[in-house]
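Reader: I'm new to this one and would like a close look at a single part: how do the helices pack against each other? Please take it slowly and explain the terms as you go.

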Amino acid sequence: MLTPIIGRDGERSDTPIMAKGTRGSRVGADALFRRLRRDHRHVLEQMDAHEAALRQSKRATAKHERTLRDVLALLGTEFASHMTAEDDVLYPALLAALPAAAGSIEALAAEHRELRQMLQRLRELLEETASPERAEQIRVQIQDLGHLLRLHVEKEETLVFRLAPRLLAPREIAALAARLAPRTTEPLTRSKGVS
Ligand SMILES: [Fe+2]
Ligand SMILES: [Fe+2]
């Protein structure tokens, strides 16, 4: 099965992720890792926009809260698909191909666990009654989450995404592709206004 690749601006790539043969699997790997990098950019852009809006206005507003809920929903979707696909398929495949990288891969997996906990804490905080203390806690926690997410993405793209396309077997590329959620086409900044 092919996973359709739809860019954040709505363009659709028909490059098949799943392909047979040496050259074909290389094409598939390239398309897959372009898609994974695009997921990273999409999430970080939404985080950047939300944090910029918070910096501009120190006062917590209903609009900030709405956009925060949108950002957390996006993170939940990406953690459940992209991140889980990395945990279940990409990291084990890389570990099998390159046992010497175990330390780096375990560090990345630990960051996934930490990011999931941070997301859960923020969700719980949002359920509490609004107060200045809660607003400050949200501000600090979203900054911490954004900081770790940026570090994680940088490490992952530098350490993993450069090596993995050459090391993964075609069936592993297909398995990864099948786990990714179809892309939504509307960036939050355009549809909801994160400002
Ligand atoms: Fe990733
Ligand atoms: Fe990751």
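Author: Let's start with a term: pLDDT is the predictor's confidence in each residue, on a scale from 0 to 100. You'll need it because this is a predicted model, where local features need pLDDT of at least 70 and side-chain atom pairs count only at pLDDT 80 or more, while totals for chains, interfaces and linings use all residues. Residues are numbered from 1 along each chain as its sequence is written, and chains are lettered from A and ligands numbered from 1 in the order in which they are written.

Confidence is lowest in strand 1 (residues 5-6), with a mean of 34, and highest in helix 3 (residues 102-126), at 97. Helices here are DSSP runs of H or I with at least four residues, strands are runs of E with at least two, and both are numbered from the N terminus. Residues 1-24 have a pLDDT below 50, and beyond near neighbours in sequence this stretch has 47 contacts in the model. A contact means that the C-beta atoms of two residues, placed from the backbone, lie within 7 Å. Residues 184-195 are also below 50, with 24 contacts beyond near neighbours in sequence. Where pLDDT is low, the predicted coordinates should not be read in detail. Averaged over the chain, pLDDT is 81, and 77% of the residues score at least 70.

The chain has 7 helices and 2 strands, and from the N terminus they run β-β-α-α-α-α-α-α-α.

Now for the packing, beginning with helix 2 and helix 3. They pack at an angle of about 160 degrees, with their axes 11 Å apart. Axes are lines fitted to C-alpha atoms, for helices over the stretch in contact, and angles run from 0 to 180 degrees between N-to-C directions. Angles under 35 degrees count as roughly parallel, over 145 as roughly antiparallel, 65 to 115 as roughly perpendicular and the rest as oblique. Helix 2 and helix 3 are therefore roughly antiparallel, and their crossing is left-handed (the near helix is turned anticlockwise from the far one by less than a right angle; clockwise would be right-handed).

Which residues meet there? From helix 2 they include Leu72, Phe79 and Met83, and from helix 3 they include Ile105, Leu108 and Arg116. By class, this contact has 15 nonpolar, 2 polar and 4 charged residues. Nonpolar covers Ala, Val, Leu, Ile, Met, Phe, Trp, Tyr, Cys and Pro; Asp, Glu, Lys and Arg are charged; the others, Gly among them, are polar.

Take a moment with arginine 116, which sits in helix 3. Arginine 116 is partly exposed, because 17 other C-beta atoms lie within 10 Å; 20 or more would make a residue buried, 12 or fewer exposed, and in between is partly exposed, with C-beta atoms placed from the backbone. Its C-alpha atom is 9.7 Å from that of methionine 83, 33 residues apart along the chain.

Helix 3 also packs against helix 4 (residues 132-160): their axes come within 10 Å and cross at roughly 155 degrees. This pair is therefore roughly antiparallel, with a left-handed crossing. The contact divides into 13 nonpolar, 4 polar and 7 charged residues.

Helix 2 (residues 62-97) has another partner in helix 6 (residues 170-179), with axes that come within 9 Å and cross at roughly 165 degrees. These two are therefore roughly antiparallel, and the crossing is right-handed. Among the residues in contact are Ala85 and Val89 of helix 2 and Leu176 and Arg179 of helix 6.
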